Amino acid sequence: MYVELHCHSCFSFREGASSPAELVLAARALGYEALALTDHDNLAGAMEFAQAAKEWGVRPIIGVEMTLRPDGRPSGRGAPGSDGAASPPTHLTLLAETPRGYANISRLLSQAHLSSPRDAPALDPAELAPCAEGVIALSGCRNGEVPRLVGAGDVEGACEAAARYAAIFGKRNFYIELQDNFVRGDRARNRGLVALARRLGLGVVATNNVHYHDRARHRLQDVLVAVRHHSTLDATEHVRRQNAEFSLKPPAEMARLFAELPEAVANTRAIAARCTFDLTRDLTYRFPDFRAPDGRSADAFLEAVCFDAAREYYGRVTPDLERRIRHELELIRQSAQAGFFLRNWEIMRYARTHGLPARGRGSSVGSLVCYLLGLSGIDPLKYNLFVGRFLNEARRKEDVPDIDIDFAREARERIFAHVFATYGSEHAALVANVITYRYPMAVRDVGKALGLPEADIDKLAKRMRGRFARPLAEEMRAMPEFASRMEAPPWREFVRLVEELRGMPRHLGQHAGGIIISDTPIVEQVPVQPSAMAGRYICQWDKDSVADAGFIKMDFLGYPSLGHLYRALALIEERRGLRIDPVRIPLDDPEVYAMIRRGDILGIVQIQSRAQLQAILRLDIASIEDLVVQVALIRPGPIQGGAVNPYIARCQGREPVTYDHPCLEPILGETKGVIIFQEQVLEVAMAIAGFTAGQAESLRRAMSRKRSREEMEKLRDAFFAGARAKGLVDDATAAVIFEKIVAFAAFGFPKAHAAAMAETAGKLAWVKRYYPVEFYCAWLNEWPFGFYSPGVIVNEARRNGIEVLGVDVNRSRGLCVIEDDAVRLGYNYVRGIGAQTRARLDDEARHGPYVSLWDFWRRTRIERMPIERLVRLGALAFTGLHERALLWQLGLFYRPLGAQLPLALPYEADLVPLTEMTDGERLVTDLRFIEGAVTTRGHIMDLARGALHEGVTPSHVVDRMADGAPVTVAGFVAVRQAPETAKGFVFHTLEDRYGLINVITKPHLVARYQRVIEHAGALIVHGHIERQERVVNVVTERMELLPLAGTRHRALRHAAHNW
Amino acid sequence: MLTTSGGTGGPDTVRRLNVPQPLRVEAGDDGTPRRVQHRGQTARPGRWRAVDQVRERYRVEDRWWTSEPVAREYFDLLLDGGLPFAVFRDRIDGRWYAQRDG
């Protein structure tokens, strides 16, 4: 029977209209024994395809449809009519017969990408010959060189080209490809191709050039082609496929189609049988060995490093300590991963010796070896962390533990540079991130292709961009201008196509921090392509494919709060000459926990969100252990798993601690019977369904991915079968437990990771408690990051008694600085002043204070625009002149050439009387020209003074009000959130002059006030108080925009949030 | 399989150029025409003529986003006696048409 050897998935970007999984499932349903994936110029979908195919019992064949550069063709011969003119690129189908063949295809693809402009990869055909071994080539689609020449009637040219390919790949490895998609000309061309094959003694093979798994998808395929050509369906008739015959067809139908040429069908099977390369098994990846300086084995060297460190950290190696170290070392030895640990150790040493803030994250923090290697700052003995989730006996040998390291932002860039410098681009590559279609872009692309009115599309795209958008059809039904049109073409098709397109890959981007290194050349494992940064390459696989391939990924993530912490410590040292070792910051200071319990947590990473604060106010956090639970508790996993309220109630003794089954008590005892840590999920699955550690881990991994309904069903079946076999719980209880696991698994923290996060939070809290000026100053200089805009942080600093002063050219520097016990804003907060100007200003400041505007203008020689802004912001107030007077004066310096030479004259004499700016004008100027809604000359709420009346309750009074009391509040929108876990609720944090107010809006009101919610920079909310102990929320009944004087809501939103 | 075209234009029906003209076709199990009722230049029902050869068979599916979608299977035929003749089956209404007069 027939095997499909030419098949595109959606990873043939803007061409293929089905996912690899859809193709595999269709192939299985149609009874295919094997299926090849041949995407255009990449293997981005290959691993996903191979994994899905193996899973569903279809044998995967890996290939590619390679674009060949026409200029590589020997000159002098071309299709008739194309003499001299640049001929278009051609296509060639390549299949990996052997591992060598796969390596060659990967190498060829890398060459194509590295030698071509972005988004137009094409291979110089001269590269084919040295990389032909193990590759089976088919002559390609209509755009293959041979078929195209045949189609154009150039039989001699076609024979010559075919003979050339046959010589490159070998006669039995080059087949003439026959496609009959019921396109006019297919049959005639096939007759010509068969004749050519006979003449040259080449084999023929049938393929269907599959572009979608099901014929109904041909519409999406048409749309994608139009999108690729930046055009409409109407205008792309000549480039679109003419019909819907490019689907994966039943093998029998293909056999019927080629009934007159049975060998073309037989050869599909023969070729498939020859392609024994198995991507899930045959990669030659090897992590670089570690060669110890003294020639010792990596294992011996690792052991020595660990015991040296243990003596240093603990003073003495007790038998207990030694046992635990040896246990971990043995696990590492068994899986031959000493080299991996030592490579990471090297990177951390590099970071430390170069002063780059870094610390481990993730489950590796539970490992004592990682602690001893400096990969984590957490002593697992002290925190009672176990290594099981990170290293265990059941872990498959090729399963590599994750060691993730957080770096401050700049530090991370330097680490990447260091790794590429160390390993070279042949052996290191960044992990890709598949950028997928979301609603707004899908709406725009489909709308444009269908030729729908631009204004309509723009309106819909903007609507769907909103974070509160419902599914497209629902949104359209709610819009009168669309509701009536939805049932007729083209809008009916529009809705369906947008939904189909959503989630499909658009292009490959770069993963946040993943990097792979390989002993064998990476380009033979997976194709690489240039990244946005010169000298760095991205492999074509995302993190899931990389993990499936068994590649060792090192994750270097950016964690700005480390920068915040280290900046603060540097400021403390600079100002007080006090050097604080971050490792030695105490985590058991009661004063620090008292501050946290008061809810004074703004700016402290991991515990500063609205949801965190509300939990903190209800829990009695008194130790780092409590903090570890706290950071893990407010995560989508525990929230969706329904753990938060029971946990709080049980801590408060309002609810008894119970377990779904007594066997869960040892597992969930420390968290009062609820699942909070990821490790607990694994242990619960083991206890209830009898899973092994390895099975439980694969359950967790499977659930942390985008997963299909089918895969989920499989896991559920396995869980229930296990639970029945174990016989501890009935099906209903098993179902309850399974739902908790599913809800949790994707988004929970391992305890070890929570410990690492809590540690950083605890240290920052300590800094905030004892060195608040440094804390705020460092925060401002590390921004942008985190949860709040600078304006909110600055106002909080003021409420805590720390003044944040405006920009002053005689006192400000490039970054914010500490001045006595206040923070002086730096030029980094003035919009429109770039790094160069900042450096210029810092430079000139060394030559002493400026004495006048003239002096400043003459000495700094910066552009007029930044000078004007500084003037407007009051940065030259020392002159004693107000802003308008200074601007007028500045204008005189720019008098037309020749009018008068600029001289240091007493300009005051020239002054005309100008009215001084009002307070309101100054405040609006701050909002315009200072980043992040920071104001130094008034509070945003001053703009609303006229609109505020006695009925508005200020935040500090709200905090004392009783449950159920009616209330009206007003404030600037400090934070607006609609987390997915909140099921349609919207949360606002409003800020008034006295503090923050939390507002909750229920889903039906969110729908009613959608426009207000989306547009408001400041709000008036009428509602009532909802109080739970110390937690106070205002529940919305009505809301309206807070009228502002002198500025617009849009400007305010933009200043604060860039919405 | 025998499909009729439904109503044929009467003598006073004005036929626009290149508007598909319905006709009767007898097709085999595989959907290929065996005989067509060829009308020549007249408006009267023509006589049945055997299909000698199917030179090309192709499908077009287009304009699905409009209210006038197109889904047709075309056959370039050689009729008995060597006359070239093109017909298509409309896959939406199931009827046969000749693309051109003659």
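## Strand 10, its sheet and the cysteines of chain A

In this predicted model, Ile515(A) faces Met554(A), a residue of strand 13 of chain A. The two strands concerned, strand 10 (residues 505-517) and strand 13 (residues 553-558) of chain A, run antiparallel and are joined by three bridges.

Gly514(A) also belongs to strand 10 of chain A. With a relative accessibility of 0%, Gly514(A) is classed as buried. When neighbours within four places in sequence are set aside, the contacts of Gly514(A) comprise Ala429(A), Leu430(A) and Val431(A), together with Lys553(A), Met554(A) and Asp555(A). Leu565(A) lies 51 residues from Gly514(A) in sequence, and the C-alpha atoms of the two are 24 Å apart in space.

Strands 10 and 13 are part of an open sheet of seven strands in chain A, with the order 7-8-13-10-9-12-11 and mixed pairing. Strand 7 (358-361) and strand 11 (528-530) of chain A each have a single partner strand, so each stands at an edge with one side lacking a neighbour in the sheet. From one strand to the next, the twist averages 45°. Helix 3 (residues 99-114) of chain A lies across strand 11 and strand 12 (537-542) of chain A, and runs at about 5° to strand 11.

The cysteines are considered next. Over all chains, a search of the whole structure finds zero disulfides. Cys10(A) takes part in no disulfide, and its nearest cysteine sulfur belongs to Cys7(A). For Cys370(A), the closest cysteine sulfur is that of Cys306(A), and the separation of 8.9 Å is too far for a bond. A pair counts as a disulfide when the sulfur atoms are within 2.5 Å. Both Cys10(A) and Cys370(A) are buried.

| Cysteine | Nearest cysteine sulfur | Sulfur distance | Relative accessible area |
|---|---|---|---|
| Cys10(A) | Cys7(A) | 11 Å | 5% |
| Cys370(A) | Cys306(A) | 8.9 Å | 0% |

Finally, the confidence of the prediction should be noted. The average pLDDT of chain A is 91, and 95% of the residues score at least 70. Residues 73-85 of chain A have a pLDDT below 50, and this stretch has 17 contacts in the model beyond near neighbours in sequence. Where pLDDT is low, predicted coordinates should not be read in detail.

Terms used: Residues are numbered from 1 along each chain as its sequence is written. Chains are lettered from A and ligands numbered from 1 in the order in which they are written. This is a predicted model: local features need pLDDT of at least 70, side-chain atom pairs count only at pLDDT 80 or more; totals for chains, interfaces and linings use all residues. Side-chain values use heavy atoms; hydrogens and water are left out. Two strands pair if DSSP finds at least two bridges between them. Helices (H or I, at least four residues) and strands (E, at least two) are DSSP runs, numbered from the N terminus. Axes are lines fitted to C-alpha atoms, for helices over the stretch in contact, and angles run from 0 to 180 degrees between N-to-C directions. Contact means heavy atoms within 4.5 Å. Buried means under 20% relative accessible area, exposed over 50%, partly exposed in between (1.4 Å probe, protein chains only). pLDDT is the predictor's confidence in each residue, from 0 to 100.
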